[in-house]
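Here are my notes, written as numbered points so you can follow them with the model open. I start with the ligands and work outward from there.

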Amino acid sequence: MSALLPVAEALARVLADVEPVESDTVSLAEAFGRVLATPLAAKRTQPPFDVSAMDGYAVRAADVATLPAELAVIGAAPAGHAFAGRVEAGQAVRIFTGAALPEGADSILLQEDASIAEDGALVAKEVVRPRQHVRARGLDFVEGRVMVDAGTRLGMRQMTLAAAMNHAAVPVRREPRVAIIATGDELVPPGADAPPDRIVASNTFGIEALVRSLGGLPIDLGIVPDDRSAFAAAVDRAVLEGADILVTLGGASVGDHDFAQEVLASRGMTLGFWKIAMRPGKPLIFGRLGPMRVLGLPGNPVSSLVCALLFLRPLIEALLGLPPIDRTETAELGAPMQANDRRQDYVRATLSEEPDGRRIATAFARQDSSMLSTFAEAGCLIIREPFAPPAAIGAACRILRLP
Ligand SMILES: Nc1nc2c(c(=O)[nH]1)N[C@H]1C(S)=C(S)[C@@H](COP(=O)(O)OP(=O)(O)OC[C@H]3O[C@@H](n4cnc5c(N)ncnc54)[C@H](O)[C@@H]3O)O[C@H]1N2
Ligand code: MOO
């Protein structure tokens, strides 16, 4: 029995020497989910002026420090229309939330705390503290300050902040291009009226979804029959498409029709490794073909998708310039587990979160790597180290949550 490469060592080889892809400037409207390539600094100060936080009257606090206090209203300042004049002692300006505080005024008297007398005078019903309900210029941020670091994925909060900082376009890493080739004479696309000896090619859809969710660009090169020259042509197509990563599905194992590795080598791939100490996913292939990284995923759907989560996801993240992260968490076993053999096991399990904060991971009894039903139903994978001894209910375990 040949030695199998440990999962951690395999991952280290996949991530070795990966440089982030170039950057691209995209309009802010298209930037959601993209990774910022350079730090983003504020292009303006926010708020750009002292601004009223309430609807009411801009006043001088000293005029309303004690009651009774009566003031003359000399104008109005709706949001977006600054009051041109100056508030002198004894004067007030009608003001609305978001409007610039007029010169001379330093506080806001809430409209609920005031009334207008018959002669038109403003009568304060409450005293006013200096700077009350005033948002100072630059309260949020000042021009030139870096507010979002390079390497940040732009989510709803960063998108809003970037807009507030006055960026119409942002520098982001370009989308890593991921070419996908499905192989196998038995494969047919979903929806085909296929005879029963055919299998629906499902893996591409999961891989594409993962690539998209990470901010990559999937390039579907279709289904290729078990034919060396057709497979070679598809590999050449991936090179022509400028793929950063080529994912092949199936043909990774040792059967007569499993020639993925051989053909990839004939197209110039340098093998990084083949076969790892992992279940599912043992026949995984990794190599480099020019600048393109190649992941030859096993055909069994769960093997393909688990390998994609463990190797393709961090590879795309590295291409985006994101630091490696350990996504594993601890949990307790909800069912006992047998001793493990030499392969690191990724066991489909339900995940329940108890009110006291405990996480309970319960493995499904059947773990066949063709079973997408349990993969879809699972909340996590329980990670079992090679040669782990039997484990009882309640024992601590490591899990990887499924997206
Ligand atoms: N003698 C041995 N046989 C096998 C070994 C071994 O060590 N010795 N390893 C097994 C393991 S583990 C795995 S995993 C599979 C993986 O083999 P391949 O990568 O060569 O996959 P295929 O044979 O092409 O396909 C396996 C299975 O998956 C279905 N498939 C393939 N592509 C897709 C797709 N795109 N969408 C959905 N389903 C797909 C295919 O029809 C097969 O049923 O090898 C074991 N054999
Ligand atoms: O690695 Mo295979 O994935 O055990 O079925």
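1. Which residues are around ligand 2? Keep in mind that this is a predicted model. The list runs Arg-279, Pro-280, Gly-281, Lys-282, Pro-298, Asn-300, Ser-303 and Ser-369. By class, the shell around ligand 2 splits into four polar, two nonpolar and two charged residues.

2. Now for ligand 1. There are 26 residues around ligand 1, and the ones that come nearest are Gly-250, Ala-252, Ser-253, Pro-298 and Gly-299. Pro-298 is worth clicking on, since it is listed for ligand 1 and also turns up around ligand 2. The shell of ligand 1 holds 12 polar, 11 nonpolar and three charged residues. Two helices to highlight here are helix 3 (203–213) and helix 6 (301–319), each of which gives at least two residues to that shell.

3. On the overall layout, the domain assignment cuts the chain into four pieces, two of them built from separate segments. Domain 1 takes 7–21 + 174–319, and domain 2 takes 23–46 + 148–173. Domain 3 is 51–135, while domain 4 is 329–401. If you want a feel for the spread, the C-alpha centres of domain 3 and domain 4 are 64 Å apart.

4. A word on the annotation. The UniProt record, an unreviewed entry, marks residues 179–318 as "domain: MoaB/Mog". In the model, that stretch is 35% helix and 29% strand. The C-alpha atoms at the two ends of 179–318 sit 17 Å from each other.

5. Next, the sheet. Six strands make up an open sheet, ordered 7-4-6-5-9-8, with mixed pairing. Strand 7 (107–110) and strand 8 (114–116) are the edge strands; each has a single partner strand, so one side of each has no neighbour in the sheet. Going from one strand to the next, the twist averages 40°.

6. Inside that sheet, look at strand 5 (residues 69–77) and strand 6 (residues 91–95). They pair in the parallel sense, over four bridges. To find the register by eye, start at Val-73, whose bridge partner in strand 6 is Ala-92.

7. Then there are the backbone oddities. Most peptide bonds are trans, and most residues other than glycine have a negative phi. Which residues does a cis peptide bond with an omega of about -10° join? Those are Gln-46 and Pro-47, and Pro-47 is in the loop between strand 2 (40–41) and strand 3 (51–52). Another cis peptide bond, with omega about -5°, links Leu-67 and Pro-68. Pro-68 is in the loop that runs between strand 4 (56–59) and strand 5.

8. Last, two positive phi values in residues that are not glycine. Asp-17 has a phi near 60° and is found in the loop between helix 1 (7–15) and strand 1 (23–27). His-133 has a phi of about 60° and lies in the loop between strand 9 (122–124) and strand 10 (134–135). Is Asp-17 buried or exposed? Asp-17 counts as exposed, because it has 8 C-beta neighbours inside 10 Å. His-133 has 20 C-beta neighbours inside 10 Å, so it counts as buried. The cut-off for buried is 20 or more.

How values were computed:
Residues numbered from 1 in each chain as written. Chains lettered and ligands numbered in written order. Predicted model: local features only at pLDDT ≥ 70, side-chain atom pairs only at ≥ 80, totals over all residues. Pairing = 2+ DSSP bridges. Axes fitted to C-alpha atoms, helices over the stretch in contact; angles between N-to-C directions. Near = placed C-beta within 6 Å. Nonpolar A, V, L, I, M, F, W, Y, C, P; charged D, E, K, R; others polar. Domains from an automatic or database assignment. Buried ≥ 20, exposed ≤ 12 C-beta atoms within 10 Å, placed from the backbone. UniProt positions renumbered as here; feature names shortened; annotations may be inferred.
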